[in-house]
Amino acid sequence: MPSHAGTPVIEISGLTRVYKRRRTPVHALKGVSLTVGQGERFGIVGESGSGKSTLLRLLCGLDRPTSGSIRFEGQEIVGRSNLRFLREKLQIVFQDPMSSLDPRMRVRDIVAEPLVALGLPVGGRVAELLDEVGLPASAAERYPHQFSGGQRQRIAIARALAPRPSVLVADEPVSALDVSVRGQILNLLADLVDAHGLTLVFVSHDLSVVRHVCESVTVMHDGEIVESGPVDSVWAAPQHPYTQTLLQAVPTLEGLL
Ligand code: ADP
Ligand code: MG
């Protein structure tokens, strides 16, 4: 896989997020800095509670940091109220397609939703997107509950691609799925990222999953980055004891892909 020392698309520096839980502060992020280059497939790995989803929510402008800076294509997004430019260019796929898809909406409207929200033309885009994610055109008239978990994640991916983003963010996109369909969805994501030359920010608790789709990885532990590098080097020779522990967890996808 090529390495991308190219133009930085995402530059995060000194990012902190403190939540309050029953008056006790929870330090979800403790000064995270990272850079993602144009076209890079950037993985973030860490066990549950390490701050991965918090980081992605801040990156997508869905939450505000306690301190720190996030630049997208050179523009600061922290503290900005108009994030339209970000919504056009960066889209997210969440972990659980059951809760991320509105059960009362037809697939047609779910997939078109980001376009409608941005005031962009829908035209024949829904059929095109369904085809790209391997669903029949007839899926458009149906509702999320009429599909399997893997198919629902395909719908969520179609929706994310609708506004032709340059960056795709995925938060544990296969963790809620049946083990038997995880490989298909990961391959689909990888193919779409290739086909559209997307920059990918991909979060998982499983380094073997990250290794399948990413070229570089950052390891998070307890709100901090403990190690970063090319995914094959980190896989072959983890430097930090925490990464070594993560790798001792069974590589669930080996043999399935
Ligand atoms: P991950 O995605 O790696 O599992 P999260 O970013 O979801 O980690 O959580 C990091 C830490 O922040 C955890 O201790 C979690 O309980 C806490 N946290 C996350 N969101 C909130 C919230 N909205 N309110 C309070 N604590 C939160
Ligand atoms: Mg999470």
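In this predicted model, the buried residues of helix α1 are K52, T54, L55, L56, L58 and L59. The helix is thus described as mostly covered, with six of its eight residues buried. Burial here refers to a relative accessible area under 20%, with protein chains alone counted as cover. Just after α1, residue G61 adopts a positive phi of about 75°.

Helix α1 also takes part in the surroundings of ligand 1. A total of 13 residues surround this ligand, and R21, G49, K52, S53 and T54 are the closest. Of these closest residues, K52 and T54 also appear among the buried residues of α1. By class, the shell around ligand 1 comprises six polar, four charged and three nonpolar residues.

Polar contacts to ligand 1 involve both backbone and side-chain atoms of the protein. In the side chain of K52, an N or O atom is 2.8 Å from an oxygen atom of ligand 1. A backbone N or O atom of S50 lies 3.2 Å from an oxygen atom of the ligand. For R57, a side-chain N or O atom is found 3.4 Å from a nitrogen atom of ligand 1. On its own, ligand 1 has 560 Å² of accessible area, of which the protein covers 68%. Two or more residues of the shell around ligand 1 are given by each of the elements β1 (8–21), β2 (24–37) and α1 (52–59). The largest share comes from α1, which supplies four residues to this shell.

Apart from the ligand shell, the pockets of the protein were examined. The largest pocket has a volume of about 310 Å³. Its lining consists of 13 residues, and those nearest the centre of the pocket are R87, L90, Q91, I92 and E113. The elements that give two or more residues to this lining are α2 (84–89), β6 (90–93) and α4 (107–118). Helix α4 gives the most, with four residues. In terms of residue class, the lining of the largest pocket contains nine nonpolar residues, three charged residues and one polar residue.

The two sets of residues can be set side by side. Around ligand 1, the shell holds three nonpolar, six polar and four charged residues, whereas the lining of the largest pocket divides into nine nonpolar, one polar and three charged. The shell draws its largest share from α1, while α4 gives the most to the lining of the largest pocket.

Note on methods:
Residues numbered from 1 in each chain as written. Chains lettered and ligands numbered in written order. Predicted model: local features only at pLDDT ≥ 70, side-chain atom pairs only at ≥ 80, totals over all residues. Heavy atoms only, no water. 1 Å grid on protein atoms, 1.4 Å probe; cavity = no way out; pocket = protein on both sides within 12 Å on 5 of 7 lines; lining within 4 Å. Points joined across faces, edges and corners; volume = space filled by probe spheres on them. Nonpolar A, V, L, I, M, F, W, Y, C, P; charged D, E, K, R; others polar. Near = heavy atom within 4 Å. Polar contact = N/O pair within 3.5 Å; in protein donor to acceptor, adjacent residues only side chain to side chain. Areas by Shrake-Rupley, 256 points an atom, 1.4 Å probe, with all protein chains shown as cover. Buried < 20%, exposed > 50% of the residue type's maximum accessible area, 1.4 Å probe, protein only.
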